[in-house]
Amino acid sequence: MKKNSVYVCFLCGFLFMTISFSIKGRQESRRPNVILINVDDLGWKDLGFMGSDYYETPYLDQFSKEGMVFTNAYAGASNCAPSRATMISGMYGPRHGVYTVSPSDRGDDRTRRIVPTKNEDTLADSLYTLGEMFHDSGYATATIGKWHLSDDPTKMGFDLNVAGNHRGNPGRNGYFSPYGVSNLTSGPEGEYLTDRLTDEAIDFVKEHKGGPFFLYLPFYTVHSPLMGKQELINKYKAKPASNGQAHPVYAAMVEAMDQNVGRLLKVLEQLELEEHTMVIFTSDNGGIRKTSRQDPLRAGKGSYYEGGIRVPMVIRYPGKIPAMEKVDDPVLQMDLFPTLQGVIQASVQGNTLDGMDIGPLLFEGKSLPKRELYWHFPIYLEAYSPKDDQARDPLFRTRPGSVVRYGKWKLHEYFEDGSLELYNLEEDLGEHYNVADKYPEVAADLLERLKTWRKSTNAPVPTERNPAFDQDFEAMKIKQVMQ
């Protein structure tokens, strides 16, 4: 009898260990869930862990300690729609034609020297998207928030669409219910949009906790209209300004966003999904300088100086990606597509991907090979605030041109007059000192790289002169706005 008992105990223990190892093996081989949080118009320095002393973001500050922080992360464009098109397609702008929020000929006609390239305001159905890549790999997919690339993201690989359409902002009613956003029923009067979108995201995560799932959470916040919760606004009204950051309503929106990211992360913890979920946090472009300065970066949204395209980015994947790590290697949001494609071992892959798989950096600690990063904007974007924008001239945030970064060097080329600006970002992060004349061989090399890249991507370069251009009017207008 005693022998039988020992045998039974041994057998039970063996079976328990076998089952445990089996479960562990399945867990280790389990494809991760992926959450991509994309905040609208959040500046590079609008978070505590990025150096802000004014905004309070305790949840994201903690999140940054649990993942990898990228100090040189870039959006694919300096404003909403083209940035999103580049990230969702994994392609540079010339391949999809979305260069701006239409139209491309913004600003006074008499101040535009050339006719800009026509802009596409919709991502073509023929392009293979990040959503389709996850969907075709057996993932449940959702986009909850600002889509801005077409009328219906469910035609681009997303099973669930909440609040996504062609709109770039939450509409006339703004951030409080009753909402003016299609594909979103209004909640109780006074409900805050950022809270509601997070509620929807949490519901999706709970429903698909068995995984795998891909959640794209592009908050409408902190895009205008600037509207925050009154108790948070009052809090920041009583707080001293710091380094050009002093807008209490904007600060209230930033903190509310942080609280909601914290809520979502807490649910992952409660559901024991943290170790099975890669979470990516970023912004679609730089912040608006008049609202929130990003010093030492120059300019802001709509500009191709650093303040317009450099963005915060953190990636957390516990046990797989090192925590408490800062990375200075330049990366593009376009890198996310090929990287995630590798992470989930996608069954169907994108046809043309211009980004780089940064998996070796994330998982093996290997530095990325030196490469060029490109931006192309054959369009015009009028100024927000001529005296605050820090743009090349006070009438436009962007005039037609291209940009390349290679190592420490960054070159701007302008199509109106062929002028060049060269900056050494290691010595002049604020892009104040154009050294194109001091280093002509560097400028020539980068210009040749730009031309080669434009040829390879069939990037349009506008050359037709605008018959409505009036040089005297332009000079008068510049003098007028700077008085």
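Modeller: Before we start: on a 1 Å grid over the protein atoms alone, a pocket is an open set of points with protein on both sides within 12 Å along at least five of seven lines, and lining residues have an atom within 4 Å of a point. This is a predicted model, where local features need pLDDT of at least 70 and side-chain atom pairs count only at pLDDT 80 or more, while totals for chains, interfaces and linings use all residues. Residues are numbered from 1 along each chain as its sequence is written, and side-chain values use heavy atoms, with hydrogens and water left out.

Biologist: What makes a residue part of the lining of the second largest pocket?

Modeller: An atom within 4 Å of a point does it. That gives 16 residues, with Cys-80, Val-101, Arg-106, His-223 and Lys-301 nearest the centre.

Biologist: What does its volume of about 220 Å³ stand for?

Modeller: The space filled by probe spheres set on the points, which are joined across faces, edges and corners.

Biologist: Why is the other kind of space called a cavity?

Modeller: Because a 1.4 Å probe fits there but cannot get out. The whole structure has three cavities of 30 Å³ or more.

Biologist: How do you know which classes line the second largest cavity?

Modeller: Ala, Val, Leu, Ile, Met, Phe, Trp, Tyr, Cys and Pro count as nonpolar, Asp, Glu, Lys and Arg as charged, and the others, Gly among them, as polar. The lining has 10 nonpolar, four polar and no charged residues. Tyr-99 and Pro-94, among those nearest its centre, therefore count as nonpolar, and Gly-76 as polar.
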